[in-house]
Amino acid sequence: MARPPALKLAEVLAEIRMSASAFYRLRARGQAPRMIKLPNGELRCRRVDLDAWWGACERDTPEWR
């Protein structure tokens, strides 16, 4: 069974509606979704990691408490 392709950084940014600079700030603080750095320096994100990050963000909102 083929593994689903990882999302490119531009695809992640479009989905979460965030600028690259804001994303890199989150990443520097360890608050961004888990990313894979390829040998050429490009970043990818597995769908499962992005969905897990979204879930964690939702649980941290006051509406969930």
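User: Let's start with Asp49: is this residue buried or exposed?
Analyst: First, this is a predicted model, so local features need pLDDT of at least 70 and side-chain atom pairs count only at pLDDT 80 or more, while totals for chains, interfaces and linings use all residues. Residues are numbered from 1 along each chain as its sequence is written, and side-chain values use heavy atoms, with hydrogens and water left out. Buried means under 20% relative accessible area, exposed over 50%, and partly exposed in between (1.4 Å probe, protein chains only). Asp49 has 16% relative accessibility, so the verdict is buried.

User: Which residue does Asp49 form a salt bridge with?
Analyst: A salt bridge here is a side-chain nitrogen of Lys or Arg within 4 Å of a carboxyl oxygen of Asp or Glu. For Asp49, the closest N and O atoms of the pair are 3.7 Å apart, and the partner is Arg34.

User: And how far apart in sequence are Asp49 and Arg34?
Analyst: Asp49 sits in helix H3, while Arg34 is in the loop between H2 and strand S2 (36-37). Those labels are DSSP runs numbered from the N terminus: helices are H or I with at least four residues, strands E with at least two. The pair links distant parts of the chain, with a separation of 15 residues.

User: How exposed is Arg34, as a relative accessible area?
Analyst: Arg34 pairs with the buried Asp49. Arg34 itself counts as exposed, because its relative accessible area is 55%.

User: How many salt bridges are there in the whole structure?
Analyst: Side chains of opposite charge can pair when their charged atoms come close. One such pair is Arg47 with Glu15, at 2.8 Å between the closest N and O atoms. Searching the whole structure gives a total of four.

User: Which residues do salt bridges join into one network?
Analyst: Arg47 in helix H3 bridges to Glu15 in helix H1, so parts 32 residues apart in sequence are tied together. Arg47 also meets Asp51 at 3.2 Å, N to O, and those two are about one helical turn apart because they're four residues apart in H3. With shared partners, the network is Glu15, Arg47 and Asp51.

User: Which helix supplies the largest share of the largest nonpolar core?
Analyst: A nonpolar core is a set of buried Ala, Val, Leu, Ile, Met, Phe, Trp, Tyr and Cys residues joined through side-chain atoms within 4.5 Å. The largest has 13 residues, with Phe23 among those with the most contacts inside it. Helix H1 (9-16), helix H2 (20-28), strand S3 (43-45) and helix H3 (47-59) each supply at least two of its residues. The largest share, four residues, comes from H1.
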